[in-house]
Amino acid sequence: QLQLVESGGGLVQPGGSLRLSCVASGFTMDYYGVGWFRQAPGKEREGVSCISSRLRTTYYADSVKGRFTISRDNAKNTVYLQMNDLKPEDTAVYYCAAHRRTLVLQGMCLMKSVYDNWGQGTQVTVSS
């Protein structure tokens, strides 16, 4: 059985920070590309950030560039999303996802169709 489990969400004031974690169980994350997605009520799930398996190449949606940082620790089988300077429009359920594709062109790692494995999501609420 394959599982991805997100944690670290919660309630934070505008300008605050949170670090989300995505831990894999049932498989090793080393050779998987990983992405973070989010979905707000009434909106489609959108790609936020992604990181490749080998060179740890990263990609970010324009809305979070300069504020969010994705990283991975293969020894801990974990991918992180550090979120700084949070804004109310960042409020959403955040999901991590993993894929084992060999060829993924730049930017395409933010597409939902790339991924085979998904976590259950963690709620992030930014409000004063």
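In strand 5, Glu46 is the bridge partner of Arg38, and the two strands concerned, strand 4 and strand 5 (residues 46-51), pair in the antiparallel sense over five bridges. The model described here is a predicted one. Strand 4 and strand 5 form a hairpin with six residues between them, and Gly42 in the turn has a positive phi of about 80 degrees. On strand 4 there is also a residue, Phe37, that ring pairs link with Tyr115 and Trp118 into a cluster.

**Strand 4 and its partners**

- Six of the seven residues of strand 4 are buried, so this strand is largely enclosed by the rest of the structure.
- Strand 4 is also joined to strand 9 by seven bridges, and these two strands run antiparallel; Trp36 stands opposite Cys96 in strand 9.
- Ahead of strand 4, Gly26 lies in the loop that connects strand 3 (18-25) with strand 4, and at 62% relative accessibility Gly26 counts as exposed.
- Gly26 and Asn117 are 91 residues apart in sequence, while their C-alpha atoms are 12 Å apart in space.

**Aromatic pairs and the charge over the rings**

- A pair of aromatic rings is described by the distance of the centres and the angle of the planes.
- A search of the whole structure finds four aromatic pairs, among them the edge-to-face pair of Phe37 and Tyr115, with 5.3 Å centre to centre and 80 degrees between the planes.
- This pair links distant parts of the chain, with Phe37 in strand 4 (residues 33-39) and Tyr115 in the loop between strand 9 and strand 10 (117-118), 78 residues apart; both Phe37 and Tyr115 are buried.
- The rings of Phe37 and Trp118 have centres 5.0 Å apart and planes at 55 degrees, so this pair is tilted.
- Because Phe37 lies in strand 4 and Trp118 in strand 10, the tilted pair ties together parts that are 81 residues apart in sequence.
- Phe37 counts as buried because its relative accessibility is 0%, whereas Trp118 is partly exposed, with a relative accessible area of 29%.
- The charged end of Arg45 sits over the ring of Trp118, 5.1 Å from the ring centre, and that charged end also sits over the ring of Tyr95, 3.7 Å from its centre.

**Strand 11 and its partners**

- In a regular strand the side chains alternate between the two faces of the sheet.
- Strand 11 (residues 122-126) has a covered face made up of Thr122, Val124 and Val126, and an uncovered one made up of Gln123 and Thr125.
- Strand 2 (residues 10-12) and strand 11 run parallel and are joined by three bridges, with Val126 in strand 11 as the bridge partner of Val12.
- Strand 9 and strand 11, by contrast, run antiparallel and are joined by three bridges; Tyr94 stands opposite Thr122 in strand 11.

**Positive phi outside glycine**

- Most residues other than glycine have a negative phi, and most peptide bonds are trans.
- Asn77, found in the loop between strand 7 (68-73) and strand 8 (78-83), has a phi near 55 degrees, a positive value in a residue other than glycine.
- With a relative accessible area of 14%, Asn77 is buried, because the cut-off for that class is under 20%.
- Asp85, which lies in the loop between strand 8 and strand 9 (92-99), has a phi near 50 degrees, likewise a positive value in a residue other than glycine.
- Asp85 is partly exposed, with a relative accessible area of 41%.

**The largest pocket**

- About 500 Å³ of space lies in the largest pocket; of the 24 residues that line this pocket, the closest to its centre are Ser52, Ser53, Arg54, Thr102 and Val104.
- Strand 4, strand 5 and strand 6 (58-60) each supply at least two residues of the lining of the largest pocket.
- By class, the lining of the largest pocket is made up of 12 nonpolar, nine polar and three charged residues.

Terms used: Residues are numbered from 1 along each chain as its sequence is written. This is a predicted model: local features need pLDDT of at least 70, side-chain atom pairs count only at pLDDT 80 or more; totals for chains, interfaces and linings use all residues. Side-chain values use heavy atoms; hydrogens and water are left out. Helices (H or I, at least four residues) and strands (E, at least two) are DSSP runs, numbered from the N terminus. Buried means under 20% relative accessible area, exposed over 50%, partly exposed in between (1.4 Å probe, protein chains only). Rings of Phe, Tyr and Trp (its six-membered ring) pair if their centres lie within 6.5 Å; planes under 30 degrees apart count as stacked, over 60 as edge-to-face and the rest as tilted. A charge sits over a ring if NZ of Lys or CZ of Arg is within 6 Å of the ring centre and within 35 degrees of the ring normal. Two strands pair if DSSP finds at least two bridges between them. On a 1 Å grid over the protein atoms alone, a cavity is a set of points where a 1.4 Å probe fits but cannot get out, and a pocket is an open set with protein on both sides within 12 Å along at least five of seven lines; lining residues have an atom within 4 Å of a point. Grid points are joined across faces, edges and corners, and a volume is the space filled by probe spheres set on the points. Ala, Val, Leu, Ile, Met, Phe, Trp, Tyr, Cys and Pro count as nonpolar, Asp, Glu, Lys and Arg as charged, and the others, Gly among them, as polar.
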